[in-house]
Amino acid sequence: MRTAYRSIALTGASSGLGRALAIEFAGPDVNLLLIGRNSQRLLAVAEECRLKGALVRIRVLDVRDRTALEEALWSFDQDTPIELLVANAGVSGWPTPAGQLEPEGETRRLMDINYLGMLNTIEPVLPRMVRRGRGRVAVISALAGLRAVPRMPGYSASKYAVRGYGVALRGMLAGTGVGVSVVYPGFVAPQEVSDTETEVGPAFERVARVISHHLVAGRSSIAVPFFTAAILAVTGLLPAALSDRIVTWFAKGRLPTPRP
Ligand SMILES: NC(=O)c1ccc[n+]([C@@H]2O[C@H](COP(=O)([O-])OP(=O)(O)OC[C@H]3O[C@@H](n4cnc5c(N)ncnc54)[C@H](OP(=O)(O)O)[C@@H]3O)[C@@H](O)[C@H]2O)c1
């Protein structure tokens, strides 16, 4: 695709949505910083992006490591001022089997990666973007961040937190020249990939194409699929018990199987 962005930093680029976005944005004269923990898969994604003409750097790190992330982002930003920063790295939750509670510590683990990891990504770059008066930050929430999914409290909370931060930041940055996009993907089944495999499944490709199109257009709120997001938003206006029943029914077959 033709992109308005020539310098893009992306966390969680080694698989799934991040990998699909990296490949979608790759093109001649596009500088990419790809971040993840699995070096082999990152290398393979980088190679695919280079084949499309992009100039690619990879950094193998954990988004919970604020110091390492800051260093990686600053060094890239120094050479090629970041125009689009996508805080995508995250872990998905699983619905807890009926009648059970979430394992202790699960919510903290999800908040640590999904919310604090996002913060660690944005905070080092934001003051630089604001000083330059240009750039876009994209945070990846989820449809579960629009309407919490029963039996997924930790995951839903982490994605509400991402959404809340992104929406507030958007208002705070109005008039600075820096835009914020909050992205709400629906469930896309994770692919069975080996440590080195790089194939991007068609579902992730489709979602990445829609998201990248809206990011280039500068949209502040991106829900995919839009119809499901609209239904979930409306159920939030109904009485709680009815709303929970509808969301539980709707989520059936669309969410991963509960862990045993
Ligand atoms: N797939 C869905 O249904 C769905 C729906 C709504 C929202 N989302 C959100 O979309 C984003 C991408 O999800 P996905 O489906 O593409 O999942 P995925 O295939 O599991 O990919 C997750 C990516 O995040 C990286 N990551 C995870 N923990 C990390 C950490 N601590 N430090 C650095 N990188 C880390 C992984 O890198 P390594 O493997 O190299 O560690 C991987 O590149 C997540 O924020 C997820 O919550 C996904």
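Start by selecting Pro225, which sits in the loop between strand 7 (221-224) and helix 8 (226-235). Helices (H or I, at least four residues) and strands (E, at least two) are DSSP runs, numbered from the N terminus. Look at the bond just before this proline: Val224 and Pro225 are joined by a cis peptide bond, with omega about 0°.

Two notes before moving on. Residue numbers start from 1 along each chain as its sequence is written. This is a predicted model, in which local features need pLDDT of at least 70 and side-chain atom pairs count only at pLDDT 80 or more, while totals for chains, interfaces and linings use all residues.

**Strand 1 and its partners**

Next, select residues 7-11, which form strand 1. Five of the five residues here are buried, so strand 1 is largely enclosed by the rest of the structure. "Buried" is counted from C-beta atoms placed from the backbone: 20 or more others within 10 Å of a residue's own make it buried, 12 or fewer make it exposed, and anything in between is partly exposed. Show the side chains and you'll see Ser7, Ala9 and Thr11 pointing one way, with Ile8 and Leu10 pointing the other way.

Now add strand 2 (31-36). It runs parallel to strand 1, and five bridges join the two; strands are called paired if DSSP finds at least two bridges between them. For one of these, pick Ile8 and look across to its bridge partner in strand 2, Leu32. Follow the chain from strand 1 through helix 1 to strand 2 and you trace a right-handed β-α-β crossover. To check the hand yourself, point the strands away from you: the path from the first strand over the helix to the second should run clockwise.

Then bring in strand 4 (residues 84-87), which is parallel to strand 1 and joined to it by three bridges. Ala9 has Leu85 as its bridge partner there.

**Across to strand 5**

Keep strand 4 on screen and add strand 5, residues 135-140. The two pair in the parallel sense over four bridges, and Val86 stands opposite Ala138 in strand 5. Is strand 5 enclosed or open to the outside? Six of its six residues are buried, so strand 5 is largely enclosed by the rest of the structure. Colour Gly135, Val137 and Val139 for one side and Arg136, Ala138 and Ile140 for the other, and both faces turn out to be covered.

Strand 6 (178-185) comes next. It pairs with strand 5 in the parallel sense over six bridges, and Val139 has Val182 as its bridge partner. With helix 6 between them, strand 5 and strand 6 make a right-handed β-α-β unit.

**Helix 6**

Select residues 153-172 for helix 6: its 20 residues reach 28 Å from the first C-alpha to the last, close to the 28 Å expected at 1.5 Å a residue. That expected span is 1.5 Å times one less than the number of residues. Its buried residues include Gly154, Tyr155, Ser158, Val162 and Gly166. Which elements do the buried residues of helix 6 pack against? They pack against helix 4, strand 5 and strand 6, with contact meaning C-beta atoms, placed from the backbone, within 7 Å.

**Two positive phi angles**

Step back to Arg151, in the loop between strand 5 and helix 6. Its phi is near 75°, a positive value in a residue other than glycine. Arg151 counts as buried because it has 22 C-beta neighbours inside 10 Å.

Asp29, in the loop between helix 1 and strand 2, is also not a glycine and has a positive phi of about 70°. With 10 C-beta neighbours inside 10 Å, Asp29 counts as exposed.

**Leu17 and the ligand**

Go to Leu17 in helix 1. Leu17 is buried, with 25 other C-beta atoms within 10 Å. Leaving out residues up to four places away in sequence, it touches Asn88, Pro185, Val188, Phe204, Val207 and Ala208. Try a distance label too: Leu17 and Arg209 are 192 residues apart in sequence, yet 10 Å apart in space, C-alpha to C-alpha.

Last stop, the ligand. Its shell holds 28 residues, and the closest are Gly12, Gly16, Arg37, Gly90 and Ala142; a residue is near if its C-beta atom, placed from the backbone, lies within 6 Å. Helix 1 (16-25) and helix 4 (106-122) each supply at least two residues of this shell. Colour the shell by type and you get 12 nonpolar, 13 polar and three charged. Here Ala, Val, Leu, Ile, Met, Phe, Trp, Tyr, Cys and Pro count as nonpolar, Asp, Glu, Lys and Arg as charged, and the others, Gly among them, as polar.

Terms used:
Contact = placed C-beta atoms within 7 Å.
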